[in-house]
Amino acid sequence: MSLVKFKKSNPFGNLVTSDLFKPNDFFGNGFWNQGILNDSFWNGKKLEPALNIKENEGDYEIELAAPGFAKKDFKVTIDDECLNISAKKTSEEEEEEENYARREFSYNAFERTLQLPENIKEEEIKARYHDGILRFKLQKKEVVKKAET
C-alpha cells in the first residue's frame with residue numbers, strides 16, 4: 001500500500017498557484033504574456049487589417065482586407081504625404097418581449113497610415129472596395145531621363 005497526496009480540482013487550473021501568478025509581478029510580464037492573455041485584444045496591440053503592397057513598373061497596388069464594411073464606412077485622406085485609411089461600423093439590435101429585454105451591439109474600427117513614396121501622383125490615386133478588399137492604385141510620376149551628351 002502506498003500513500004498518495006490528494007489534489008483538489010480547481011476549475012481555473014493552477015492560475016493562482018502557478019508561476020503565472022506572482023503578486024509582485026502581477027502587472028509585469030509574468031502574468032499578462034501567458035496563454036490566452038497573449039492575444040492582441042489583451043496586450044494593447046491595435047487590431048489592424050492585413051495589407052499587401054505590390055510595386056509594378058508604372059504604379060503601386062495596395063490591398064487592404066476589411067470584410068464586413070460598406071463603402072460608406074471608410075474614410076480615406078491624404079495628408080502630409082501619408083495615405084490615411086480608417087473605417088468605423090456599429091450595429092445595434094434590440095428585442096423586447098413580455099418577460100425580458102435583449103440588447104446587443106457591436107463596434108468595429110481600424111486606422112492605417114501609409115507613408116507615400118515621393119514618386120506618386122497624389123491626384124490620381126484610385127480606390128475601390130469589393131468582396132471585403134479595399135484596393136488602391138497609385139500611379140507613379142513619369143521619370144524624365146536626361147539625354148546623354
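This section describes the strand arrangement, the nonpolar core and the salt bridges of a predicted model.

The chain holds one helix and seven strands. Along the sequence these elements follow the pattern α-β-β-β-β-β-β-β, so the helix precedes the strands by the numbering from the N terminus. Of the 149 residues in the chain, 19% are buried. The accessible surface of the chain comes to about 12900 Å², and carbon and sulfur atoms account for 50% of this area. Among contacts between residues at least 6 apart in sequence, 46% join residues at least 24 apart.

Four of the strands form an open sheet in the order β1-β2-β7-β6, with antiparallel pairing. Strands β1 and β6 (126-130) stand at the edges of this sheet. Each edge strand has a single partner strand, and therefore one side of each is left without a neighbour in the sheet. Neighbouring strands of the sheet are turned against each other by 15 degrees on average, with direction ignored. Within this sheet, β2 and β7 pair in the antiparallel sense over seven bridges. Leu64 has Leu134 in β7 as its bridge partner.

The loop between β1 and β2 contains Gly58. This glycine is partly exposed, with a relative accessible area of 37%. When neighbours within four places in sequence are left aside, Gly58 is in contact with Gln139 and Lys140. The C-alpha atoms of Gly58 and Leu138 are separated by 8.8 Å, although the two residues are 80 residues apart along the chain.

A second antiparallel pairing involves strand β4 (residues 82-96) and strand β5 (residues 101-115), which are joined by 15 bridges. These two strands form a hairpin with four residues between them. Within the hairpin, Glu92 stands opposite Phe105 in β5.

The largest nonpolar core comprises 17 residues, of which Phe74, Ile85 and Phe110 touch the most other members. Two or more residues of this core come from each of β2 (59-65), β4, β5 and β7 (133-139). The core thus draws on strands of the open sheet, β2 and β7, as well as on the two strands of the hairpin, β4 and β5. In soluble globular proteins, nonpolar side chains tend to be buried together. The surroundings of Ile85 can be given in detail. Residues up to four places away in sequence not counted, Ile85 touches Leu64, Lys75, Val76, Phe110, Glu111, Arg112, Leu114, Leu134 and Phe136. These contacts include Leu64 and Leu134, the residues that are bridge partners in the pairing of β2 with β7. Phe110 is also among the residues touched by Ile85, and both belong to the group with the most contacts to other core members.

The structure holds nine salt bridges. In one of them, the side chains of Lys140 and Glu55 meet at 2.7 Å, N to O. Lys140 lies in the segment after β7 and Glu55 in strand β1 (residues 51-55), so this pair ties together parts that are 85 residues apart in sequence. The two partners differ in accessibility: Lys140 counts as buried at 13%, because the limit for a buried residue is under 20% relative accessible area. Glu55, at 52%, is exposed, since exposed residues are those over 50%. Lys140 is also one of the residues in contact with Gly58.

Another salt bridge joins the side chains of Arg135 and Glu63, at 3.5 Å, N to O. Arg135 lies in strand β7 and Glu63 in strand β2, so the pair ties together parts that are 72 residues apart in sequence. Arg135 is partly exposed, with a relative accessible area of 26%, and Glu63 likewise counts as partly exposed, at 31% relative accessibility. This salt bridge therefore links two strands that also pair through seven bridges.

A further salt bridge is formed by the side chains of Arg102 and Glu104, at 3.0 Å, N to O. Arg102 counts as partly exposed at 24% relative accessibility, and Glu104 is partly exposed with a relative accessible area of 43%. Both residues belong to a network of salt bridges that links Glu93, Glu95, Arg102 and Glu104.

Conventions
Residues numbered from 1 in each chain as written. Predicted model: local features only at pLDDT ≥ 70, side-chain atom pairs only at ≥ 80, totals over all residues. Heavy atoms only, no water. Pairing = 2+ DSSP bridges. Core = buried A, V, L, I, M, F, W, Y, C linked by side-chain atoms within 4.5 Å. Buried < 20%, exposed > 50% of the residue type's maximum accessible area, 1.4 Å probe, protein only. Contact = heavy atoms within 4.5 Å. Areas by Shrake-Rupley, 256 points an atom, 1.4 Å probe, with all protein chains shown as cover. Salt bridge = Lys/Arg side-chain N within 4 Å of Asp/Glu carboxyl O. Axes fitted to C-alpha atoms, helices over the stretch in contact; angles between N-to-C directions.
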